Amino acid sequence: MYATIATHVESSAIAKFSQNHRSNMAKSPITCHILDAALGKPAQGVQVELQKYEESLSESPFRAVATGITNADGRCLDLLPPAGSEGSTPLQGGETYKVIFKTKQYFEGTDRKSFYPWVEIPFTIQNPGEHYHIPLLISPFSFTTYRGS
């Protein structure tokens, strides 16, 4: 009986690992996640823009490359096509990007005022083979971020 339970638990764990591995392979190489720290909930419906730094641009050195909206879990997993898929462009080491989160509209939608109308997070690609996850914790009068996994 114990062997049967152990086998079931082990096979469930392997299936879950395999499912998570496949889902990680099928998402954008740059993703983000926003949590509303004041409410203790994911921030759904936040507009997100990904921009790439290009020195050759004279007016503004950043060019928009993708837009998205956070889902019910506060995540935006489809900013760029998954690596290796049709339409994908490989990330290059040394490239600089920034993610812009339109927080004012989000807070207005929850009947709260916000000090920051948007949050910009610039970052540089160090290893193009890695996944870059940009988490953001927000409240009406503060924000924080870190390099996620």
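Which residues does UniProt list for "binding site" in its unreviewed entry? I looked this up first and found His-33, Arg-75 and Tyr-146 in that record. The model I consulted is a predicted one.

**Entry: the chain as a whole**

I began with the outline of the protein chain, which holds 2 helices and 9 strands. Read along the sequence, these elements follow the pattern α-β-β-β-β-β-β-α-β-β-β. I noted that the chain has 149 residues, of which 32% are buried. Its accessible surface comes to about 9400 Å², and carbon and sulfur atoms account for 55% of that area. I also looked up the contacts between residues at least 6 apart in sequence: 61% of them join residues at least 24 apart.

**Entry: His-33**

I turned next to the residues named by the UniProt record. His-33 is placed in strand β1, which covers residues 30-36. Is His-33 buried or exposed? Its relative accessibility is 12%, so His-33 counts as buried; the cut-off for buried is under 20%. I then listed its contacts, leaving aside neighbours within four places in sequence. His-33 is in contact with Asp-73, Gly-74 and Arg-75, and also with His-133, Ile-134, Pro-135 and Leu-136. One of these contacts, Arg-75, is itself listed in the UniProt record.

**Entry: Arg-75**

I found Arg-75 in strand β5, which spans residues 75-76. Arg-75 counts as partly exposed because its relative accessibility is 27%. Which residues does Arg-75 touch, not counting those up to four places away in sequence? I recorded Cys-32, His-33, Ile-69, Thr-70 and His-133. His-133 thus appears in the contacts of His-33 and in those of Arg-75.

**Entry: Tyr-146 and the nonpolar patch**

For Tyr-146, the remaining position in the UniProt list, I looked at the surface. Tyr-146 forms a nonpolar patch there with Leu-35 and Leu-137. Together the three residues have about 250 Å² of accessible area. I followed Leu-137 further and found it in strand β8, residues 132-139. Leu-137 counts as partly exposed because its relative accessibility is 31%. Strand β8 itself is mostly covered, with 7 of its 8 residues buried.

**Entry: the partners of β8**

I then asked how β8 is paired. In which sense do β1 and β8 pair, parallel or antiparallel? The two strands pair in the parallel sense, over 7 bridges. As an example I noted Ile-30, whose bridge partner in β8 is Tyr-132. Strand β9, residues 142-145, runs antiparallel to β8 and is joined to it by 4 bridges. Here Leu-137 has Thr-144 as its bridge partner in β9. The link from β8 to β9 is a hairpin through 2 residues. I added one general remark to this entry: in a regular strand the side chains alternate between the two faces of the sheet.

**Entry: salt bridges**

How many salt bridges does the structure hold? I noted 7, and I examined some of them individually. As general background, side chains of opposite charge can pair when their charged atoms come close.

The side chains of Arg-112 and Asp-36 meet in a salt bridge at 2.4 Å, N to O. Arg-112 lies in the loop between α2 (103-109) and β7 (119-124) and Asp-36 in strand β1, so the pair ties together parts that are 76 residues apart in sequence. Arg-112 counts as buried because its relative accessibility is 18%. Asp-36 also counts as buried, at 1% relative accessibility.

I next examined Glu-95, which forms a salt bridge with Lys-52, the closest N and O atoms being 2.9 Å apart. This pair links distant parts of the chain, 43 residues apart: Glu-95 is in the loop between β5 and β6 (96-102), and Lys-52 is in strand β3, residues 47-53. Both Glu-95 and Lys-52 are buried.

Lys-98 and Glu-120 form another salt bridge through their side chains, at 3.0 Å, N to O. Since Lys-98 lies in strand β6 and Glu-120 in strand β7, the pair ties together parts that are 22 residues apart in sequence. Lys-98 is buried, with a relative accessible area of 11%, whereas Glu-120 counts as partly exposed at 36% relative accessibility.

Methods: Residues are numbered from 1 along each chain as its sequence is written. This is a predicted model: local features need pLDDT of at least 70, side-chain atom pairs count only at pLDDT 80 or more; totals for chains, interfaces and linings use all residues. Side-chain values use heavy atoms; hydrogens and water are left out. Patches are made of residues with over 30% relative accessible area and no salt bridge: like charges are joined within 9 Å, nonpolar side chains (Val, Leu, Ile, Met, Phe, Trp, Tyr) within 5 Å. Accessible areas come from the Shrake-Rupley method with a 1.4 Å probe; for residues, only the protein chains shown count as cover. A salt bridge is a side-chain nitrogen of Lys or Arg within 4 Å of a carboxyl oxygen of Asp or Glu. Buried means under 20% relative accessible area, exposed over 50%, partly exposed in between (1.4 Å probe, protein chains only). UniProt positions are given in the numbering used here, feature names are shortened, and annotations may be inferred rather than shown by experiment. Contact means heavy atoms within 4.5 Å. Two strands pair if DSSP finds at least two bridges between them.
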